Amino acid sequence: MSHAHHAAVKLHYQPALPLGRGKLCLWLFLSTEIMFFAGLIATYIVLRFGAPPGTWPTPHEVHLQENVGAFNTFVLIFSSVTIVLALEASKQNKAGLSKLWMIITFALGSVFLGVKAYEYNEKFKHGIFPTKPHSRIYEKADLYYVQGVRMSLASQRDKLVAKQAGLQQQNKTLSEPESQKLVVLNDLLTNLVQWTELRAVRDAPEGDQIARRLAIDKMAKAIYPHWVLGKQGEEAEHMYVASLDDEKRQIERSLASLEQQRGDLQRQRDALRGDLDKLQPPKAATTQRPEIGALFVALQDQQPASSAEQQTKLLGEIGRLEERIQAADAEQKRMQGRVALIDELKEEPHGLAHKYPNLYLPMVIPSGNMWASTYFLLTGFHAIHVIVGLIAFVLVLLYKLDHTKAHIIENIGLYWHFVDLVWIFLFPLLYLF
C-alpha cells in the first residue's frame, strides 16, 4: 500500500471559544442575571403558594388590572420582534431601516415603562406600597386596626383644629376644602370609629368574640371592601348591603324607643317641676324661672326644714332626669349620625378609602404588606433592566447602523430578549394567580 494514504491528519485548533468577546461577556452577565431573577421568582412562588388559602391578595384587591398587564406583555413581545428586524436590516447594510426599527423598539420600551409608572401611581394613590412595619395596610381586622384608623383620623383632625385656632387669632378661617375635610373627619371619628368601638367593647356580650369580629369587619369593609370578581363577589357585596339595611332598621327601632323614653322623662321632669312650684312661697313666683342651684339656696333660706328637705329631694330628682334626658339626646344624635353614614356607605360600593383618598384611611388586606414588598421588588428590578436597555438603545442610535454594527445590535438584542423573557414569567405570576 502507498504510504501517501497514511499521512498524518493535521488538526486546526481555535485559540478561544467560537464567540466574540463581547457576546461571551454578555452571556456570562446574563447567566448571573438568570440566577438572580430565578431566586426572586422562586421566593415569590414559595410565599404566594405557601400562604394559607384565602390570605393572599387577588389582583383585583390590590388594583392590578389583567388587561393592562397583558397590554404591556404584548408591547415587550413586539419590541423583541422589532429589534430582530433591526438586526436583519443592519446585516443587509440598510442602516436607515435598521435605525428606524431601533427607534420603534426604544418607543415600545418607553411605553412599557409609562404603563408601569401608571400602575405604580395607582398603588401609591391607594396606599399600597412597602413600608416598615406596614404602610396603610393591616393584615386583619382587629382592635389594633380600629386603633390605627382612630389615630390616623385624629391626627389629621388635630392638625386642622390647631390651624383653625391659629387662623381665628388672625381673623381668618379655613378654606372650604379644609372645612369640609374637618367635618368629614369628625363624622367618621364619631359615626364609624367610635360606633365600632362601642359595638365591639360595650354592646358585644362579654366573651362574644364573633360579635366583636363582625363589628370590626363591617368597619373594615366600609373603608376598603375588596369583593372578588364574578358572582361570588356580587353575592358578598349584596350580603354586606343587606347587613347595612338590617342595622339601619335596628337603629330606627331603637330611635323610636328612645324617643318614647325621652318623652316619658320629660313628662316626669315637668311634673316634678310643677310639684316644686307648688312648694314655693308666693313672693318667689316670678315671670322667669330661676336656676336650679339658685332656687335651692333661696328655698333653704326661706322655707322650714321639712319643706326644704322635700324641695331638695325634688331638685335632686329633677337633676337626675335632666341628666338622663341629656344622655338620651346624645344617644339620639349618635344614632342619627350612624344612619346617615349607613346611607352614605350604601351609595359608595368602593368604600370610604376610594371616596376620600385625601384621608389616607388604613385598609385591611390579608398579606398585603408582603405582597407589596414582593411586587415592587420584582417589578422594580425588572424596570431597572428595561431602563438599562433603553440607555443602550440611545447609545447605539448615535452610530450608523450598517453591517459593521450588526454584532452590537445582536448583543443588545440578546439582553433585550432576556428582559422580555423575565416579564413573561412575571406577568402570569403577578396578574393571573
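A contact here means heavy atoms within 4.5 Å. With that in hand, colour the whole chain by sequence position: of the contacts in the protein with a separation of 6 or more, 81% come from residues 24 or more positions apart.

This is a predicted model, where local features need pLDDT of at least 70 and side-chain atom pairs count only at pLDDT 80 or more, while totals for chains, interfaces and linings use all residues. Residues are numbered from 1 along each chain as its sequence is written, and side-chain values use heavy atoms, with hydrogens and water left out.

**Stop 1: the whole chain**

Switch to cartoon. You should find twelve helices and two strands, where helices (H or I, at least four residues) and strands (E, at least two) are DSSP runs numbered from the N terminus. Walking from the N terminus, the order is α-α-α-β-α-α-α-α-α-α-α-β-α-α. Now colour by accessibility: 40% of the 433 residues are buried. Buried means under 20% relative accessible area, exposed means over 50%, and partly exposed lies in between (1.4 Å probe, protein chains only).

**Stop 2: α1 against α12**

Select 21-50 for α1, and show α12 with it; the two axes come within 11 Å and cross at roughly 5°. Axes are lines fitted to C-alpha atoms, for helices over the stretch in contact, and angles run from 0 to 180 degrees between N-to-C directions. So α1 and α12 are roughly parallel to each other; the cut-offs are under 35 degrees for roughly parallel, over 145 for roughly antiparallel, 65 to 115 for roughly perpendicular, and oblique for the rest. The contact of α1 with α12 divides into 18 nonpolar, two polar and three charged residues. For those classes, Ala, Val, Leu, Ile, Met, Phe, Trp, Tyr, Cys and Pro count as nonpolar, Asp, Glu, Lys and Arg as charged, and the others, Gly among them, as polar.

**Stop 3: α3 against α12**

Keep α12 (406-431) on screen and add α3 (95-125): their axes come within 13 Å and cross at roughly 30°. That makes α3 and α12 roughly parallel to each other. The crossing of α3 past α12 is left-handed, meaning that the near helix is turned anticlockwise from the far one by less than a right angle (clockwise would be right-handed).

Which residues of α3 and α12 meet? Show sticks for S98, M102, T105, G109, F112, K116 and E119 in α3, then for I409, W416, W423 and Y431 in α12. By class, the residues of this contact of α3 with α12 are six nonpolar, three polar and two charged.

**Stop 4: α2 against α3**

Swap α12 for α2. Here α2 and α3 pack at about 165°, with axes 8 Å apart, and are therefore roughly antiparallel to each other. The crossing of α2 and α3 is left-handed. Their contact has 17 nonpolar, seven polar and two charged residues.

**Stop 5: the aromatics**

Stay on α2 (66-91) and pick F74 and F78, four residues apart, about one turn of the helix. Their rings form a stacked pair, 6.1 Å centre to centre with 10° between the planes. Rings of Phe, Tyr and Trp (its six-membered ring) pair if their centres lie within 6.5 Å; planes under 30 degrees apart are stacked, over 60 edge-to-face, and the rest tilted. F74 counts as exposed at 54% relative accessibility, whereas F78, at 37%, counts as partly exposed.

The total by this rule is 19 aromatic pairs. Next, select Y120, F124, F129, W371, Y375 and F376, which form one aromatic cluster.

**Stop 6: T379**

Is T379 buried or exposed? Centre on T379 in α11 (368-396): with 1% relative accessibility, T379 counts as buried. Leaving aside neighbours within four places in sequence, T379 is in contact with K116, Y120, W423 and L430.

**Stop 7: two loops with an unusual phi**

Most residues other than glycine have a negative phi. Go to the loop between α10 (352-355) and β2 (363-364) to find Y360, which has a positive phi of about 55° although it is not a glycine. Then move to the loop between β2 and α11 for S367. S367 also has a positive phi, about 60°, without being a glycine, and counts as buried at 16% relative accessibility.

**Last stop: Q147**

Finish in α4 (143-169), where Q147 lies. Q147 is partly exposed, at 43% relative accessible area. Draw a C-alpha to C-alpha distance to V193: Q147 and V193 are 8.5 Å apart in space and 46 residues apart in sequence.
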